[in-house]
Amino acid sequence: MKLQGSVALVTGANRGLGAAFVRTLLAAGAAKVYAAARDPSTITAQSGVVPVRLDVTSPDQIKAFARGLGDVSLLVNNAGIGGSGPVLAPTAIELLHQQFETNTVGPLRMAQAFAPILAAHNGSAVINVISALSWATLPSVTGSYSASKAAAWALSNAMRQELKGQSTEVLSLHVAFMDTDMARGVPGAKTSPDDVARMTIDALEAGQSELLADDVTRNVHAGLTAVPPMYLGMLG
Ligand SMILES: NC(=O)c1ccc[n+]([C@@H]2O[C@H](COP(=O)([O-])OP(=O)(O)OC[C@H]3O[C@@H](n4cnc5c(N)ncnc54)[C@H](OP(=O)(O)O)[C@@H]3O)[C@@H](O)[C@H]2O)c1
């Protein structure tokens, strides 16, 4: 998909990778970017940006929202939450529900609502922000987050198959730790969200279906077929 003149919608656009997507899309030639956030007053004002209110866990808001935004040709499912702890802890089920509602069901609801809108454009796409942790987990830390992102990965692949008939492309972004609020407490090197957004938009314009954005992600992916495979416990 070519970005020049496109109209994009980015969820979770007020900070972190979402804000980087907004900047990058405008620089790549998008005519308009709907910057969606739970609190639109937190969106940085700039030319070409239209702040809109959206909580991706609200089916009613999503439906109403889609009715009003018929010009969208690129949906960026970026909004997400972290959260950590052992999956056998008593609080894990509640956290799992929250992570699935935001990281997994939210992007699917958005894709369902916007598929007919994307179909009307000659050149349209969905970017799903997933994670290197869809393929591995940090023991006692990211079990439920990883589960939500593994399911988001599976759904992204299903969306790609189902949207092919209407020529809407689907790009899955897998990335390891980025320098955003979500990974603030994580020590070590982190990728710049602006670099990740730039690479993702380049990958979209190149027609890729999947982007593994850094060496850690590429190693985790390669670890799926290592002996023993990385998900059996080598991480952490
Ligand atoms: N940071 C990393 O290391 C990393 C690595 C791999 C993948 N990711 C993924 O990258 C994406 C962006 O994360 P980030 O690093 O930019 O994290 P972040 O700085 O914590 O930003 C998260 C964004 O998601 C929004 N959000 C959360 N729940 C929402 C909801 N129910 N409805 C609408 N918006 C909601 C937040 O809005 P509020 O300001 O209202 O909370 C915020 O804008 C997420 O999908 C995350 O899982 C992050």
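This is a chat between a student and a tutor about a predicted model with a ligand.

Student: Before we start, what are the ground rules for this model?
Tutor: It is a predicted model, where local features need pLDDT of at least 70, side-chain atom pairs count only at pLDDT 80 or more, and totals for chains, interfaces and linings use all residues. Residues are numbered from 1 along each chain as its sequence is written, and side-chain values use heavy atoms, with hydrogens and water left out.

Student: Great, ligand first. Which residues come nearest to the ligand?
Tutor: Asn14, Arg15, Arg38, Tyr145 and Thr180 come nearest, out of 28 residues around the ligand. A residue is counted as near if one of its heavy atoms lies within 4 Å of the molecule.

Student: And what is the mix of nonpolar, polar and charged in that shell?
Tutor: The shell has 14 nonpolar, 9 polar and 5 charged residues. Here Ala, Val, Leu, Ile, Met, Phe, Trp, Tyr, Cys and Pro count as nonpolar, Asp, Glu, Lys and Arg as charged, and the others, Gly among them, as polar.

Student: Which helices supply at least two residues of the shell?
Tutor: Helix H1 (16-27) and helix H4 (143-163) each do. Helices (H or I, at least four residues) and strands (E, at least two) are DSSP runs, numbered from the N terminus.

Student: What about polar contacts to the ligand's oxygen atoms, say from Arg15?
Tutor: A side-chain N or O atom of Arg15 is 2.7 Å from an oxygen atom of the ligand. Tyr145 also places a polar side-chain atom 2.7 Å from a ligand oxygen. With Met178 the backbone takes part, as one of its N or O atoms lies 2.8 Å from an oxygen of the ligand. A polar contact is a pair of N or O atoms within 3.5 Å; within protein, one must be able to donate a hydrogen and the other to accept it, and residues adjacent in sequence count only if both atoms are side-chain atoms.

Student: How much of the ligand's accessible area does the protein cover?
Tutor: The protein covers 93% of the 900 Å² that the ligand has on its own. Accessible areas come from the Shrake-Rupley method with a 1.4 Å probe, and for residues only the protein chains shown count as cover.

Student: Back to Arg15: which residue does Arg15 meet in a salt bridge?
Tutor: Asp181, at 2.8 Å from N to O. The pair ties together parts that are 166 residues apart in sequence, because Arg15 lies in the loop between strand S1 (7-10) and H1, while Asp181 lies in the loop between strand S6 (168-174) and helix H5 (193-205). A salt bridge means a side-chain nitrogen of Lys or Arg within 4 Å of a carboxyl oxygen of Asp or Glu.

Student: Are those two buried or partly exposed?
Tutor: Arg15 is partly exposed at 48% relative accessible area, and Asp181 is partly exposed at 40%. Buried means under 20%, exposed over 50%, and partly exposed in between (1.4 Å probe, protein chains only). Arg15 and Asp181 also belong to a network of salt bridges with Arg184.

Student: How many salt bridges is that by this rule?
Tutor: The count comes to 7. One of them joins Arg198 and Asp202 at 2.5 Å, N to O, and these two are 4 residues apart in helix H5, about one helical turn. Another joins Glu101 and Arg109, with the closest N and O atoms 3.8 Å apart.

Student: New topic: what does Thr217 touch?
Tutor: Beyond its neighbours within four places in sequence, Thr217 is in contact (heavy atoms within 4.5 Å) with Ala132, Trp135, His174, Val175, Ala176 and Leu212. Thr217 lies in helix H6 (residues 215-222) and is buried, at 0% relative accessibility. Its side chain reaches the backbone nitrogen of Ala176 at 3.0 Å.

Student: And where is Asn78?
Tutor: Asn78 is in the loop between strand S4 (74-77) and helix H3 (92-119), and it is buried with a relative accessible area of 11%. A polar atom of the Asn78 side chain lies 3.2 Å from the backbone oxygen of Gly12.

Student: Last one: is Ser144 buried or exposed?
Tutor: Ser144 is buried, at 3% relative accessibility. Ser144 is found in helix H4, and its contacts beyond four places in sequence are Val87, Leu95, Leu96, Gln99 and Phe100.
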